[in-house]
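Okay, everyone, thanks for coming. Have the sequence and the model up on your screens, and let's walk through it together.

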Amino acid sequence: MAAYVAPGGEFTRDTKYIITRITADGRDGYPVEPGRYRLVVARACPWANRAIIVRRLLGLEDAISIGFCGPTHDQDSWTFDLDPGGVDPVLKIPRLKDAYLKRFPDYPKGITVPAIVDVPTGEVVTNDFAQITLDFSTEWRTYHRDGAPDLYPEDRRDEIDEVAQRIYTEVNNGVYRCGFAGSQEAYEKAYDRLFAALDWLSDRLATQRYLVGDTITEADVRLFTTLVRFDPVYHGHFKCNRNKLAEMPVLWAYSRDLFQTPGFGDTVDFVQIKQHYYIVHTDINPTRIVPKGPDLANWLRPHGREELGGRPFGDGTPPGPVREGERVPPGHGPGR
């Protein structure tokens, strides 16, 4: 996460990412090509979690491989400490930073996930998390599985973009604005903005199953990865404590609905999520003690959202079982 706290205490995210794109026509020098690229993620990170979900929903597992960093990192880089010898088995590097420096020897910014690396050269291509998932839906369409949903339908894109932008500024980034506020005034302002947006989302979702139209779209993916982290991390660690997610009936039911949908909950690793935030953010949690709760069993309770109608995958079908080697470890989620 590249960010800083302004003199007035307000958290500001550095949004200048590597905007090179992998496209069907290869106009940036990186054409879509199955087997050429590796998606590097960390299950702990909400921005990376989006890419994991979209890749799975669209069935791109055979087209683009995936590498998992561990849940914690130092000031220098995300690292591949989950792999034997602490080295990614495809890229043959111990630190994601190595791929950044291979392309940009003087890269001055934070090393972030998700990132896509060009395997033949070992160079990072992009870390533009918002564009990565949109390109998976549009530029990689030739390699989607049979029955893949349309997460970014052309006739809904303006509305999806509008809703997703508000979710980003007020919710995805809003929780960080609370957690990393440098003054009481900045924190309270951020807190009010966050919960105003959550109330708006509750109202919107009270009468419709999904955020835009009657199927799952990119907007739902972007909201889900923040909501699923809310009670384990943001409520306490980031002081977003007006309500727990489990105390906001509409959003809680909506989150459970998505969690129980193939491609969403089966990508969530609650253990790594908690380890990341509580161990890495030593300025907020200097003891690095990771809380034991909350109880996860309630994620599997009935949600009742089917009564609102909707077709999760539109004319498509759910993804199949999670691939071997990509499954969340046993004990890291409810019922696992």
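So, Arg288. Is it buried or exposed, or somewhere in between? Its relative accessibility is 47%, so Arg288 counts as partly exposed. You'll find Arg288 in the segment after H10, and helix H10 itself covers 270-280. What caught my eye is the backbone: phi of Arg288 is positive, about 60°, although Arg288 is not a glycine. Remember that most residues other than glycine have a negative phi, and most peptide bonds are trans. Before I go on, please keep in mind that this is a predicted model.

Lys239 also has a positive phi, near 60°, and again we're looking at a residue other than glycine. Lys239 is in the loop between H8 and H9. With a relative accessible area of 40%, Lys239 is partly exposed.

Stay in that loop for a second, and go to Lys244. Lys244 is also placed between helix H8, residues 230-234, and helix H9, residues 249-259. Its relative accessibility is 38%, so Lys244 counts as partly exposed. What does Lys244 touch, leaving aside neighbours within four places in sequence? Phe230, Asp231 and His235. And if you want a feel for distances, take Lys244 and Leu82: 162 residues apart along the chain, with their C-alpha atoms separated by 31 Å.

Now the peptide bonds. Where are the cis ones I'd like you to look at? One runs from Val113 to Pro114, with omega near 0°. Pro114 is in the loop between helix H2, 97-103, and E5. Another cis bond goes from Gly293 to Pro294, with omega near -5°, and Pro294 is in the segment after helix H10.

Okay, zooming out. The protein chain has ten helices and six strands. Its radius of gyration is 19 Å, close to the 20 Å the globule rule gives for 336 residues, so the chain is as compact as a globular protein of that length. If you box up the C-alpha atoms along the principal axes, you get roughly 50 × 50 × 40 Å. Buried residues make up 55% of the 336. And for contacts between residues at least 6 apart in sequence, 70% join residues at least 24 apart.

On to the inside. How many residues are in the largest nonpolar core? There are 97, and the ones with the most contacts inside it are Leu96, Phe136, Leu198, Leu211 and Phe230. Helix H6, residues 184-205, gives the most to this core, with nine residues. You've already met Phe230, by the way, as a contact of Lys244.

Let's pick Phe136 out of that list. Skipping neighbours within four places in sequence, Phe136 is in contact with Leu39, Ala51, Val54, Arg55, Leu58, Leu60, Ile64, Ile116, Arg141 and His144. Phe136 is one of the buried residues of H3, along with Phe129, Ile132, Thr133, Leu134, Asp135 and Ser137. That's seven of the ten residues of H3 buried, so the helix is largely enclosed by the rest of the structure. What do those buried residues pack against? Strand E3 (37-42), helix H1 (46-58), strand E5 (115-118), strand E6 (123-126), H4 and H7.

H7 is mostly covered too: ten of its ten residues are buried. Among them are charged ones you might want to click on, Glu218, Asp220 and Arg222.

Arg222 takes us to my last stop, the second largest pocket. Its volume is about 230 Å³. Of the 15 residues that line the pocket, the closest to its centre are Ala130, Ala164, Gln165, Tyr168 and Arg222. Which helices each supply at least two residues of the lining? Helix H3 (129-138), helix H4 (157-172) and helix H7 (218-227). H4 has the largest share, five residues. By class, the lining has eight nonpolar, three polar and four charged residues.

So, if you spin the model later, try H3: its buried residues pack against H4 and H7, among others, and H3, H4 and H7 each supply at least two residues of that pocket's lining. That's it from me, happy to go back to any of it.

Note on methods
Residues are numbered from 1 along each chain as its sequence is written. This is a predicted model: local features need pLDDT of at least 70, side-chain atom pairs count only at pLDDT 80 or more; totals for chains, interfaces and linings use all residues. Side-chain values use heavy atoms; hydrogens and water are left out. A nonpolar core is a set of buried Ala, Val, Leu, Ile, Met, Phe, Trp, Tyr and Cys residues joined through side-chain atoms within 4.5 Å. Buried means under 20% relative accessible area, exposed over 50%, partly exposed in between (1.4 Å probe, protein chains only). Helices (H or I, at least four residues) and strands (E, at least two) are DSSP runs, numbered from the N terminus. Contact means heavy atoms within 4.5 Å. On a 1 Å grid over the protein atoms alone, a cavity is a set of points where a 1.4 Å probe fits but cannot get out, and a pocket is an open set with protein on both sides within 12 Å along at least five of seven lines; lining residues have an atom within 4 Å of a point. Grid points are joined across faces, edges and corners, and a volume is the space filled by probe spheres set on the points. The radius of gyration is taken over C-alpha atoms; the globule rule is 2.2 Å times the number of residues to the power 0.38.
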